Amino acid sequence: MATDYLPTRDVEKNSGPMAEELEGTHLKDTVTTTVLASSAPERKLVWRQDKRIVPLAAAIYFLCYLDRSNIGNARVLNSSTKNDMQTETGASNDIFNTALMIFLVGYFLFEVPSNILLKKLRPSRWLAFLMFSWGATTVGIGFVHNSAQMMGVRFLLGAVEAGLFPGLVYYLTFWYKTDERSVRVAFILASATLAGAFGGAIAYGIGHMNQISGLSAWRWLFVLEGIPSCLSAILVWFFLPDYPERASWLSESEKDLAAQRLYLEGAKGSEASMTWEEAKATLTDWRLYPHFAIYFAVSLPFSSLSLFTPSIVAGLGYHDLEAQLFTVPPWAVAYVIQILVAWSADHFNARAYHCAGAGVVGAAGFLASAVLPADSYSSRYGCLIVGTAGAFASIPPMLGWLTSNMFSTASIGLAVALNVSIGAGLGQMPGVWIYKAEEASRGYPTGHGVNCAMLFFVAFGALGLRYFYVRKNKALLSAAAEGVTPRLYKL
């Protein structure tokens, strides 16, 4: 088999072998012919993987995001009859926002350990466990009676949801090459926008169940949205494939081809767990911290839109159940734009430009929302759609870019977990506070202004990071021996 010739060590940027050193492995020609997925067998393999992995991974994240963000719907659901979550738990605006933020504390603390456990325990087992746990926790939120209980259960929800998104991004690196990842991350992340769209529609329907069996509609919302996650965990346990080399539905030749494809550009399920030396090397790789910084910045609009879209729409003149319905279009548009931008970023190897372009578009939408008169409801609603689409579209190229420029299984797992932990964990905390309830009548200028500034930071940060990688690539080419092409950083 072709895999019999694979050397055991990883190809690192500065310490590993260059192209000419791989000639003795009998793999150079094979890798070269498959790297662009130009062969019919490789295209068939990728399509088989897609059918097995992408829909299931997207469905998992859809349910996760639905269970995470439904608290925004519950906050205003049936508020006209005082049967909303905030009123019935006796929480002030600050206490309720603290309950939103406490989720992110658990999220931040458990992301890195979760990615380590994913590799140790197999993706299917660990992700199924997380899924059942957050589903049960979501059901539990439906039975809280005061703000202390709400904060405790929200912390637990953050802890068990923490490992999912970085775990899925890490998981894709075991199956896909660098120029194939952004669009698949987009399909997974775009399921969050679908959850936002469906979440509003579901909340609208469940809103009519108010006081059935003595339960307020917001309680039914958590119960009915948590149960599918618990049941789906069983499917994930049995049907989510772990690694290509263990996939029973792949032939031996397809397993060999999968190994050849990912030799230089993917994580390996057969590799040992991370060592302290590998962790130290990743933690002191200072080029990663600009990646973390721009992900931190984009996490503010990500979290604030996730939690406050119903409140923002209510501030645009739509109320109660009607406000739930009008949360759907911004998420639906973002879903389409997100996938198109991610595909283009991979296709043209231009992740920085696409990330920056989407950031500028999103920033323009929030800037217009901030400066328009408070009673310009239609215009501000259109700007909300633009801002949401731009903010979400910048994320998949950002994540695909990071994983494309990591070169060992251990470093990919740790870097992705740190990126989401520092960026999404810490970065989402300020997003909880920027949409102030007392500014609803003024159109939330603080929230829109902060999101505008963060997205401009994303745009300029991505361009600056691209400039750094261009210079690094030039240095690598200058230092390479004649006739040898080093592995270059993706742009």
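# A walk through a helical protein

Let's start by selecting Tyr61, which sits in helix H2, the stretch covering residues 40-76. Keep in mind as you click around that this is a predicted model.

Is Tyr61 buried or exposed? Its relative accessibility is 1%, so Tyr61 counts as buried. Now show what surrounds it. Skipping neighbours within four places in sequence, Tyr61 is in contact with nine residues you can highlight by name: Arg68, Leu164, Phe165, Leu168, Ile188, Leu189, Ser191, Ala192 and Phe302. For a nice look at folding back in space, pick Glu161 too: Tyr61 and Glu161 are 100 residues apart in sequence, yet their C-alpha atoms are 9.8 Å apart.

Stay here and add some rings to your selection. Tyr61, Tyr65, Phe165, Phe302, Trp331 and Phe392 belong to one aromatic cluster. If you go hunting elsewhere, the structure has 21 aromatic pairs in total.

**Zoom out for a moment**

Switch to a cartoon view of the whole protein. You'll find 19 helices and zero strands. Of the 491 residues, 58% are buried. Take the contacts between residues at least 6 apart in sequence: 82% of them join residues at least 24 apart. Turn on the surface as well, and you're looking at about 18,700 Å² of exposed area, with carbon and sulfur atoms supplying 66% of it.

**Charged pairs**

Next, select Asp50 and Arg184. Side chains of opposite charge can pair when their charged atoms come close. Here the closest N and O atoms are 2.8 Å apart, and Asp50 and Arg184 form a salt bridge. Which parts does this pair tie together? Asp50 is in helix H2 and Arg184 is in helix H8, so the bridge links parts that are 134 residues apart in sequence. Both Asp50 and Arg184 are buried.

While you're at helix H8 (residues 181-206), click on Ser182, which is found there. Ser182 has 0% relative accessibility, so it counts as buried. Leaving out residues up to four places away in sequence, Ser182 touches Ala342, Asp346, Arg351, Pro396, Pro397, Gly400 and Trp401.

Two names in that list deserve a click of their own: the side chains of Asp346 and Arg351 meet in a salt bridge, 3.3 Å from N to O. Asp346 and Arg351 are both buried. You can also select Glu42, Lys177, Glu180 and Arg261, which are joined into one network by salt bridges that share partners.

Now try Arg287 and Asp285, whose closest N and O atoms are 3.2 Å apart in another salt bridge. Arg287 is buried because its relative accessibility is 10%, under the 20% cut-off. Asp285 counts as partly exposed, at 23%. The structure's full count is 12 salt bridges.

**Out to the surface**

Move on to Phe239, which is in helix H9 (residues 217-239). Buried or exposed, what would you say about Phe239? Phe239 is exposed, with a relative accessible area of 53%. Add Ile234, Leu235, Trp237 and Phe238 to the selection: together with Phe239 they make a nonpolar surface patch of about 570 Å².

**Last stop: two cysteines**

Finish by selecting Cys355 and Cys383. Cys355 is buried, with a relative accessible area of 0%. Cys383 is buried as well, at 13%. How many disulfides does the structure hold? The count is zero.

How values were computed
Residues are numbered from 1 along each chain as its sequence is written. This is a predicted model: local features need pLDDT of at least 70, side-chain atom pairs count only at pLDDT 80 or more; totals for chains, interfaces and linings use all residues. Side-chain values use heavy atoms; hydrogens and water are left out. Helices (H or I, at least four residues) and strands (E, at least two) are DSSP runs, numbered from the N terminus. Buried means under 20% relative accessible area, exposed over 50%, partly exposed in between (1.4 Å probe, protein chains only). Contact means heavy atoms within 4.5 Å. Accessible areas come from the Shrake-Rupley method with a 1.4 Å probe; for residues, only the protein chains shown count as cover. Rings of Phe, Tyr and Trp (its six-membered ring) pair if their centres lie within 6.5 Å; planes under 30 degrees apart count as stacked, over 60 as edge-to-face and the rest as tilted. Patches are made of residues with over 30% relative accessible area and no salt bridge: like charges are joined within 9 Å, nonpolar side chains (Val, Leu, Ile, Met, Phe, Trp, Tyr) within 5 Å. A salt bridge is a side-chain nitrogen of Lys or Arg within 4 Å of a carboxyl oxygen of Asp or Glu. A disulfide is a pair of cysteine sulfur atoms within 2.5 Å.
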